[in-house]
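Subject: Structure handed over, with notes on what was found

Dear colleague,

Please find the structure below, followed by my notes on what I found when I went through it. I have tried to keep the reading order easy to follow, so you may like to have the view open while you read.

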There are 4 protein chains.
Amino acid sequence: MGLVSTACPPEALLKLRSGNLGICHTRYSTTGFSELQNCQPFVVDTLHGQIAVAHNGELVNALALRTKVMRHGVGLSTSSDSELITQLLALTPPMEERDAPNWVARIKNLMSETPTSYSLLVMFKDVVYAVRDPYGNRPLCIGRIVPVSKLHSGEEDTEGWVVSSESCSFQSIGAKYYREVLPGEIVQISKHGVKSLSVVPRPEGDPPAFCIFEYVYFARPDSIFEGQMVYTVRQRCGRQLAIEAPTDADVVSTVPESATPAALGYAQQSGLPYVEVLCKNRYVGRTFIQPNTRLRQLGVAKKFGALTDNFAGKRVVLIDDSIVRGNTISPIIKLLKEAGATEVHIRVASPPIRYPCYMGINIPTKEELIANRPEFQDIAGYIGAASVKYLTVEGLVSAVQEGIASLKEKDEMISTSNTSGKRVGHCTACLTGKYPVELEW
Amino acid sequence: MGLVSTACPPEALLKLRSGNLGICHTRYSTTGFSELQNCQPFVVDTLHGQIAVAHNGELVNALALRTKVMRHGVGLSTSSDSELITQLLALTPPMEERDAPNWVARIKNLMSETPTSYSLLVMFKDVVYAVRDPYGNRPLCIGRIVPVSKLHSGEEDTEGWVVSSESCSFQSIGAKYYREVLPGEIVQISKHGVKSLSVVPRPEGDPPAFCIFEYVYFARPDSIFEGQMVYTVRQRCGRQLAIEAPTDADVVSTVPESATPAALGYAQQSGLPYVEVLCKNRYVGRTFIQPNTRLRQLGVAKKFGALTDNFAGKRVVLIDDSIVRGNTISPIIKLLKEAGATEVHIRVASPPIRYPCYMGINIPTKEELIANRPEFQDIAGYIGAASVKYLTVEGLVSAVQEGIASLKEKDEMISTSNTSGKRVGHCTACLTGKYPVELEW
Amino acid sequence: MGLVSTACPPEALLKLRSGNLGICHTRYSTTGFSELQNCQPFVVDTLHGQIAVAHNGELVNALALRTKVMRHGVGLSTSSDSELITQLLALTPPMEERDAPNWVARIKNLMSETPTSYSLLVMFKDVVYAVRDPYGNRPLCIGRIVPVSKLHSGEEDTEGWVVSSESCSFQSIGAKYYREVLPGEIVQISKHGVKSLSVVPRPEGDPPAFCIFEYVYFARPDSIFEGQMVYTVRQRCGRQLAIEAPTDADVVSTVPESATPAALGYAQQSGLPYVEVLCKNRYVGRTFIQPNTRLRQLGVAKKFGALTDNFAGKRVVLIDDSIVRGNTISPIIKLLKEAGATEVHIRVASPPIRYPCYMGINIPTKEELIANRPEFQDIAGYIGAASVKYLTVEGLVSAVQEGIASLKEKDEMISTSNTSGKRVGHCTACLTGKYPVELEW
Amino acid sequence: MGLVSTACPPEALLKLRSGNLGICHTRYSTTGFSELQNCQPFVVDTLHGQIAVAHNGELVNALALRTKVMRHGVGLSTSSDSELITQLLALTPPMEERDAPNWVARIKNLMSETPTSYSLLVMFKDVVYAVRDPYGNRPLCIGRIVPVSKLHSGEEDTEGWVVSSESCSFQSIGAKYYREVLPGEIVQISKHGVKSLSVVPRPEGDPPAFCIFEYVYFARPDSIFEGQMVYTVRQRCGRQLAIEAPTDADVVSTVPESATPAALGYAQQSGLPYVEVLCKNRYVGRTFIQPNTRLRQLGVAKKFGALTDNFAGKRVVLIDDSIVRGNTISPIIKLLKEAGATEVHIRVASPPIRYPCYMGINIPTKEELIANRPEFQDIAGYIGAASVKYLTVEGLVSAVQEGIASLKEKDEMISTSNTSGKRVGHCTACLTGKYPVELEW
């Protein structure tokens, strides 16, 4: 349990002298928004030895697959997709298997049974397979640890490969970004290095469907997807927002810290000065049942301090990265106005979320989403803003894909990775209701 | 994790308004002697719904069964027999099953695949099955909760059934001992009450094989097995020991607290006065790596205080219930002699343990057992005693079975429970090396 | 916080290379009965260096002394007598002190200001003073650590002195009982060994007043006070009780474990057989707010198991060491009767407690004590016993002092320790209301 | 222990029905820089009742005062100044006191014995005294809780006064900044409201000496001192730095988050674009003993991610708020250069720290301070920067005092608070070695 660094502290790893590969898994816990199933690496004994599976994503046809597995007489001890995938891999005995298990065939077979969404690490003895579903819905990338030239004498240097959802994790262990696992690709990592074994194609005509919300909200800004830095995409979203939704105001600012790149982009495009209006309180106490109205109203005031002198008497454009439930932005606006802002205009660097996600992101129910509630008709009035405007879906998609286009000329590999259908595409289901595959119920 | 009372505190149970049955499991942790596998109730989803299994014992053919299950394509996530049994129950699809699962047929099928040792609770929806293996190796008994007459008005009283390894647990929840689950019996407990469904027979000629060490060591003295109180059996062992191994001494005493009934029996039979020679120190600190010889020698002195005046200048017969490794008794003898005992004679109320147990009791390896080590030839000299004598296997068996014989007249049910072969018998494998079934490797 | 073994674990002590003396303190926490003030060694910086004080007892004139200290301008940060004593020692500047502090004079001065009750350890630099109040109300004794002959080569053996309230603690650290600190005595322990510095006398005519409840209830049975083992005194109390309160019954038993010596004494004197009727449940869960009448009645049944066969159909004499509130014995009687005892006679090996203690023992208020409540008039009926009888105060005092008398011939030191008044005497205030000194309010 | 919100959680406070005032204290624990003495509110019983003292600061003549108190016969149980102050207040019996204690006289007396540094809260029964030393070295300010108009019916609203070192804490409890406690002022807070009792003057000619490092480093940016917001002062420091140390570079950035206002100020003054170059890693694992050179070098890389695209191929001016030991900035520069920065120029928004603080700030020893080490001669080369420049002391003081000057016209109270000597002044001892008072040893 806990972060990988807590669950597998370096002291513990140093004791593992005999092995040189392993897999870990960190569960999302971004506040309020994502809360994936309990997806620790699932380990089972099979006839051929132990396999371990780490899984990021959510199988769209999980229910049908569970029934299939249980019909075969397997009892499932958790509700997690990771166990399901592991038991499916243990179960599948393709015709050609005689003595040794053919894991690649089993993985391909698994991929033929479920289209999306999954990025997997499968470990068996001395091999790790890195697998990404044909739609590439969840990210997966490979990093390389290169030897350090100057080491104290007698020290043995580490050299090897690492796989991660986000490339930002590479820097912290001294690895360099190598490349993405492509949609549908099965990559084998062993003592022989990295080897691409296969690319399972999508149905003809289907574009890839990488989750656009990774750019908007989830990923760390220094991560790289599809050849571009997330920070840069967010800054482009801010510029696009300034074009789509200009404001007659005095200063541009951000709800720290995630919306800062978009706010800087908005400021650059609009020509308005960028200032800070809120500072974070490092010592926010735990929440509790507030006993009276006064304390209930103070929630957000405990989280942020107002930098009054930077905006008192001014009209503020406040950039936020997304508005899901609307609980947070309303008291921030109140705080700014009480501290002297004459107007607060909200500009959101993503379109409103209107539909649930069935591919791994724990979006609130349709009813909870502010964009689906009656008060959204007058959202500005509801949250106390002078005006509220969102980035359009088209604006977001173009801000995202602009960087890929410029990259495609340089990088042939991505453009040829999946020969059927369109080469670029993103899942915008939570914004548009258009899911990349038909959903089974 | 932890005792049932910790893992399922009453506050938690009180919140479970909608249900009225459940199963729990407590792992043995008697010092140094038993340390069963991690046997929590194992819960899985099956095609027909959730089943939960709690298991006490150890399957003699676990390895073969694991291979069988894995050959079917099931991955096993723990090394515990409980998971194995649960997956076997999930797997077994007897011919006649069509729509609803026939759990009794599945349990019988399981019992046909493994002879011993297991006492099981299997819960499915609104039924609990209590199952004991055909040899009756591990105990299992049923208690009844009867309504209390005087309750405060408006209170609803609990009425129902409970199942436990040891009957001593009934008193503490206000239940009365009802009866044992018989060797090979499948008992169904539901809203319709307790119903015996079937008694699976042993191979012709095989006697039952209830673990004789439950009487000697494991069970709480107020528990009832085969119609007799454990305390009484231990007292008879002490009497038998006085007959087999009389001593020319002044006082009889005990290593508190487990050997006290045997010591009182020895005193009664021998006519020697019973005195206390040791008092327990309630505040024994945790053990640690003692930095020098002095402190190493003080281990047992921290655990017991010598009641000097009761034995100074006297010859002491000290009764112990069993000697496994011999680490404890030696410093106790030293302590008594330093405090003034002129002679210390050790009398052990059970035979020496010489063989490993493969049926659920974590006995040390053959090499560790003091009875198999060279120094056992002069055990008295080795531990510093004036003499050491053990109860014979025959003496133990007769002390145990004497009470059952007297009971059989009264209780027809037990005498007719298993029609094939002998009606009374115990597993003495750890003492004699004669295992109740042939062991598979 | 916690036991000395927890607060000062051996690992921590081993790091203290530069010192060779120290003091610790364990706070009483015997259930329900004693709960002394928070008396950790109190340490302060004084003009002359640091002093540390550990205190067992309770100053009868604490309030007056607190006012005196505060009038001098000292702020007191706790309500504990230990701090008060420490600040009094820091404060007191006797006339003759010039450069170095005269701690012995300061301690004598302290003793002149408060008669009882206190046993003290005062540490200053390289000396520890062991002090017992003139009435000797709280125990204090000295042990000697003698070198072990056979040590591994190169190991340095420990040799030295230890001071403790109870001698039972010596055995567990390899020390031997040396002698008691006498009432009023100041003993200096330093690198020069043990040296008696002074014996401060009691007012003319006052006998010593060692707490008789140490014998009855508090002390561990293997401790030695006034030359006799506590266990032996308790056994004598049982014999005396059999003389004072004989019973027409079949068996004698005990409420384990503290009343066992008295029960064995009663059995020996009366000629009735001694049996065990209750076994302790090692896994008693924590108490909680029981939700209905049934569970409320089960409290004691969770703590003890009934050894039915030992007393079913018999009349039981049950010995208890004391009855304070009467909450415990009542459900035990009910338990025994439900399990088949035909009669349960309670014999208590001490007189009823009727008065509060102001000298360190946390006895309930006068109103809470069962002996002062109306129901005590028919105590047997109230708790459901066939009869209830107590030891008389005279019986208790004679059982206690009988052993001292026999000892006095051998040990001149004790008989001459305090020349004024009687040589033997005990505080029986909680039984008789006669306090050893006049109480200030 | 812990933050006030942890030590006194709202649930606990809500139980305190009978009282309506209290004091708390949070110990500094800013990483590596400050680590004040253990200064919880110190509570003692005095002759007149309980007093409690919370103290921020460090008495320059603590040693002399300790000796004085101990000479009076008071033992001191901690090394903290808070206890010392509390005992001094308990001790001091001014001539005129007869029956009731005159706390104001006692506080004045205390102030006559120690010039600095202390901000105090003294609580006695129903009054709290807020006291700031005559030099005003540590901050102290008062906030007001005004009633909320709309409350649910039946709720009682809180109205009252709060005192804090930093005004930023007011917002989070719904209070408004009211005013500073002036240097030397004793303010009484009771049911009669806030009342200024006295202003104890400084020695003639001495200016006030508020710690200038509160502006530079310690305070939260939304706090107000001397009428100006800390964020604004830091921004002015950045502007001043751009004037004193201009750079031929492409972009300006910050070491997040504390240097951001100075970086924005530098960017505004210099005309260079402001970009972000580092993003914080929210999941930095705990540090540990790194087993090899590679991991040792990765420390800072685990804390920050490089936003490569924002500065690759560019010359970066990186603003930091202060450099104490130089351990942090060096690996950040390495990280930026590896990620593609062509040059990294360091500009520090404060002068180098060269002298220890004896007034409450835990600055490293003189030897540890990078400004005093030989390598500081070539600090740029040492840390790998293209150039390193610091703000001058004059620049810092003018950036700080510029805002106060502009304020003085509006606020008569501050200008008249202390009639002797200069009206504005700051302690710059750690930068210049000029301490506000002569230090006693």
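Before the helices are described, one definition is needed: an angle between axes under 35 degrees counts as roughly parallel, over 145 as roughly antiparallel, 65 to 115 as roughly perpendicular, and the rest as oblique. Please also keep in mind throughout that this is a predicted model.

**Helices α3 and α4 in chain B**

Two packed helices are described by the angle between their axes and the distance between the axes. In chain B, helix α3 (residues 62-71) packs against α4(B) at an angle of about 45°, and their axes are 10 Å apart; by the definition above, α3(B) and α4(B) are therefore oblique to each other. The crossing in which α3(B) passes α4(B) is left-handed. On the side of α3(B), the residues that take part are B:A62, B:L65, B:R66 and B:V69, and they meet B:D81, B:L84, B:Q87, B:L88 and B:L91 in α4(B). Sorted by class, this contact of α3(B) with α4(B) has six nonpolar, one polar and two charged residues.

**The sheet in chain B**

Which strands make up the open sheet of chain B, and in what order? There are six strands, in the order β1-β2-β3-β4-β8-β9, and their pairing is antiparallel. Because β1 (42-46) and β9 (193-199) of chain B stand at the edges, each with a single partner strand, one side of each is left without a neighbour in the sheet. From one strand to the next, the twist averages 20°.

For a closer view of one pair, you could look at strand β4 (residues 127-132) and strand β8 (residues 185-190) of chain B, which pair in the antiparallel sense over four bridges; within this part of the sheet, B:Y129 has B:Q188 in β8(B) as its bridge partner. The helix α4 (residues 81-91) of chain B, already met above, lies across β1, β2 (49-57) and β3 (118-124) of chain B, and runs at about 140° to β2(B).

**The sheet in chain A**

In chain A there is an open sheet of six strands, with antiparallel pairing and the order β1-β2-β3-β4-β8-β9. Its edge strands are β1 (42-46) and β9 (193-199) of chain A, each of which pairs on one side only, and the twist averages 20° from one strand to the next. Strand β4 (residues 127-132) and strand β8 (residues 185-190) of chain A run antiparallel and are joined by four bridges, with A:Y129 standing opposite A:Q188 in β8(A). Helix α4 (residues 81-91) of chain A lies across β1, β2 (49-57) and β3 (118-124) of chain A, at about 140° to β2(A).

**Another helix pair in chain A**

Further along chain A, helix α8 (residues 230-244) and helix α9 (residues 260-270) pack at an angle of about 45°, with their axes 7 Å apart, and that makes α8(A) oblique to α9(A). In which hand does α8(A) pass α9(A)? The crossing is right-handed. Among the residues of α8(A) in this contact are A:Y231, A:R234 and A:L241, and those they meet in α9(A) include A:P261, A:L264 and A:Y266. By class, the contact of α8(A) with α9(A) has ten nonpolar, six polar and three charged residues.

**Chains C and D**

In chain C, strand β1 (residues 42-46) and strand β2 (residues 49-57) pair in the antiparallel sense over five bridges, and C:V43 has C:A52 in β2(C) as its bridge partner. A hairpin through two residues joins β1(C) to β2(C).

In chain D, helix α3 (residues 62-71) and helix α4 (residues 81-91) pack at an angle of about 45°, with their axes 10 Å apart, and α3(D) passes α4(D) in a left-handed crossing.

**How far to trust the model**

The model scores ipTM 0.86 and pTM 0.83. Chain A has a mean pLDDT of 84, and 80% of its residues reach 70 or more. Over residues 29-37 of chain A, however, the pLDDT is below 50, and this stretch has 17 contacts in the model beyond near neighbours in sequence; over residues 409-421 of chain A the pLDDT is also below 50, with 23 contacts counted in that way. Where pLDDT is low, the predicted coordinates should not be read in detail.

With best wishes

Definitions and conventions
Residues numbered from 1 in each chain as written. Chains lettered and ligands numbered in written order. Predicted model: local features only at pLDDT ≥ 70, side-chain atom pairs only at ≥ 80, totals over all residues. Pairing = 2+ DSSP bridges. Axes fitted to C-alpha atoms, helices over the stretch in contact; angles between N-to-C directions. Contact = placed C-beta atoms within 7 Å. Left-handed = near helix turned anticlockwise from the far one by under 90°. Nonpolar A, V, L, I, M, F, W, Y, C, P; charged D, E, K, R; others polar. pLDDT = per-residue confidence, 0-100.
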